[in-house]
Amino acid sequence: MDRSYPAVDDATIRDLDARLRGDALGPEADGYEEARTVWNAMIDRYPAVVVRPADTNDVVAAVTFARQYGLAVAVQGGGHNVAGHGVCDGGLLIDCSSMTEIRLDVETNTARVEPGVTVGEFDRATQVHGLGAPAGIISETGLAGLTLGGGWGWLSRSYGLTIDSLRSVEVVTADGEVRHASEDEHEDLFWGIRGGGGNFGVVTAFEFRLHEVGPMVLAGVLVYPFEVAGDLLRFHREFTASAPDELCCYASVRTAPSASFVPADVRGERVVTAYLCYAGALEDGERVIRPLREFQEPTVDLVRPRQYTEFQGLFDDVYPPGYRNYWKSQFVSEAGLSDGAIETLVDYANSVTSPYTSIVIEHLGGAISRLDSDASAYAHRDAGYSFNIFTRWTDADEDDEHVAWTREFFAAMAPHLSDGVSVNFLSREGNERVRAAFGDNYDRLVELKRQYDPENLFRVNQNIAPRA
């Protein structure tokens with residue numbers, strides 16, 4: 001591609017840099033390569049300029065600059081988005097990784113968090129006081145992007161989506177204005193930010209309501225031989241249907257990874273797993289999960305009382321950066337996967353094309369489902385589960401093989417799945433899938449986009465076009 005950007009020459013970038021407390025970087029500058037490199041190795045994009053803001057004023061300057069020069073804006077917190085929306089070609093990248101302040105108020109159980117904070121940093125800060133909020137399952141995920149897409153994690157059945165703990169935001173909109181949005185101020189914008197992705201501006205501060213969490217939880221992984229995959233998935237469906245809100249239990253079919261927590265004699269074996277977190281009293285958790293152990297004795301039982309922060313980082317080695325990723329995802333109703341869906345899943349697991357791929361059934365429901373679908377931009381609160389194909393590999397020459405397998409598998413599963421998909425789990429899949437992510441809230445979001453970003457400055461995302 002053409003990597004010369006005559007509209008943004010070196011002198012122009014130096015002038016922008018002089019107006020910032022942070023940095024403005026051109027393609028030849030130190031730090032540029034690091035900023036443009038994101039978690040998914042399939043993404044190889046070259047922004048015209050990178051701004052690493054030190055504060056909200058720097059973000060205002062960056063947004064104003066992008067509007068002046070007609071540049072699309074990408075915003076990066078953790079860079080963990082599978083579609084690669086944390087970087088762009090030929091536009092302006094706002095890399096918020098330097099904005100990492102967390103302010104806790106233990107009197108009101110609230111936290112003010114800047115957009116460069118990761119899930120792990122958030123957890124470590126809040127757990128000092130035995131507090132937390134639902135926030136993903138990989139500690140290196142950026143909290144900002146996770147939140148803007150709705151966000152869920154091990155605590156979501158107890159406390160809802162990440163956005164359900166969001167009290168207010170500070171956001172720089174496309175006109176360069178700094179707005180505060182909450183239930184009492186710019187309510188329409190606050191509604192759209194909670195699940196609308198990065199379509200409405202650059203959030204420079206999040207205020208979260210915190211909940212009592214741990215610090216010890218009953219959590220870990222139960223590993224079973226692949227031969228019982230169908231039986232376990234059917235049992236998981238029945239077991240989770242009546243589970244208390246304190247329990248979140250995922251099921252997965254994959255090749256056992258070479259992660260530190262996996263016993264050496266299991267690594268490389270195809271397995272089926274249940275991984276879970278019980279966020280209530282430990283003795284109650286032991287009773288609640290007993291049926292999983294009694295269904296069949298696990299090959300490996302790694303479920304035990306452990307620090308919540310430890311469990312939040314347990315899967316970092318399973319999903320590290322630097323791999324090529326292509327995902328397909330769709331919600332499943334409260335009834336769970338049908339027998340036919342489970343048979344199809346097991347068939348395709350037999351032909352999986354990469355040892356790094358995982359097929360995951362995420363357990364939703366509980367507190368997530370207790371708000372109306374139009375309470376925020378996140379529309380699919382009635383989903384009981386999320387079905388995910390997380391296809392991962394290392395060799396670019398194998399791209400076509402792995403993408404084709406993933407698409408074929410997903411097409412075979414489609415008749416068994418519900419409508420809708422999480423914004424955070426979408427790859428680059430086209431406008432119809434984006435509309436499916438926002439469901440019945442899409443038209444309202446289009447009107448909101450017209451109001452706050454009529455020129456679609458913020459379009460490097462799962463985009464809501466301001467014109468129908």
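**Strands, cores and cavities in a predicted model**

In strand β9, the residue that serves as bridge partner of Ser168 is Ser182. This pair can be placed in a wider setting in the model, which is a predicted one: strand β8, covering residues 166–172, is joined to β9 by five bridges, and the two strands run antiparallel. Strands of a sheet pair through backbone hydrogen bonds, and they may do so in either a parallel or an antiparallel manner. Both β8 and β9 belong to an open sheet of five strands, in which the order is β5-β6-β10-β8-β9 and the pairing is antiparallel. The edges of this sheet are formed by β5 (102–105) and β9 (178–182), each of which pairs on one side only. When direction is ignored, neighbouring strands of the sheet are turned against each other by 15° on average. Helix α4, made up of residues 119–127, lies across β5, β6 (110–113) and β10 (202–209), and the helix runs at about 30° to β5.

A further antiparallel pairing is found between strand β17 and strand β19 (residues 385–393), which are connected over nine bridges; within this pairing, Ser329 has Asn388 of β19 as its bridge partner. Strand β17, which spans residues 324–332, is mostly covered, since nine of its nine residues are buried. The covering applies to both faces of β17, with Arg324, Tyr326, Lys328, Gln330 and Val332 buried on one side, and Asn325, Trp327, Ser329 and Phe331 buried on the other.

The largest nonpolar core comprises 41 residues, and those with the most contacts inside it are Leu247, Leu337, Leu345, Phe387 and Phe409. Helix α11 (residues 339–350) contributes the largest share of this core, namely six residues. For Phe409, once its neighbours within four places in sequence are left aside, the residues in contact are Thr344, Leu345, Tyr348, Ile359, Phe387 and Ile389. A second core, separate from the one just described, has 40 residues, among them Val217, Ala219, Leu314 and Ala383.

The structure also contains five cavities of 30 Å³ or more, and the largest cavity has a volume of about 930 Å³. This largest cavity is lined by 46 residues, of which His80, Asn81, Gly145, Leu146 and Asn424 are the closest to its centre. At least two residues of the lining are supplied by each of β3 (73–76), α5 (143–148), β10 and β18 (358–363), and α5 gives the most, with four residues. Strand β10 therefore appears in two settings, as a member of the five-stranded sheet and as a contributor to the lining of the largest cavity.

Conventions. Residues numbered from 1 in each chain as written. Predicted model: local features only at pLDDT ≥ 70, side-chain atom pairs only at ≥ 80, totals over all residues. Heavy atoms only, no water. Buried < 20%, exposed > 50% of the residue type's maximum accessible area, 1.4 Å probe, protein only. Pairing = 2+ DSSP bridges. Axes fitted to C-alpha atoms, helices over the stretch in contact; angles between N-to-C directions. Contact = heavy atoms within 4.5 Å. Core = buried A, V, L, I, M, F, W, Y, C linked by side-chain atoms within 4.5 Å. 1 Å grid on protein atoms, 1.4 Å probe; cavity = no way out; pocket = protein on both sides within 12 Å on 5 of 7 lines; lining within 4 Å. Points joined across faces, edges and corners; volume = space filled by probe spheres on them.
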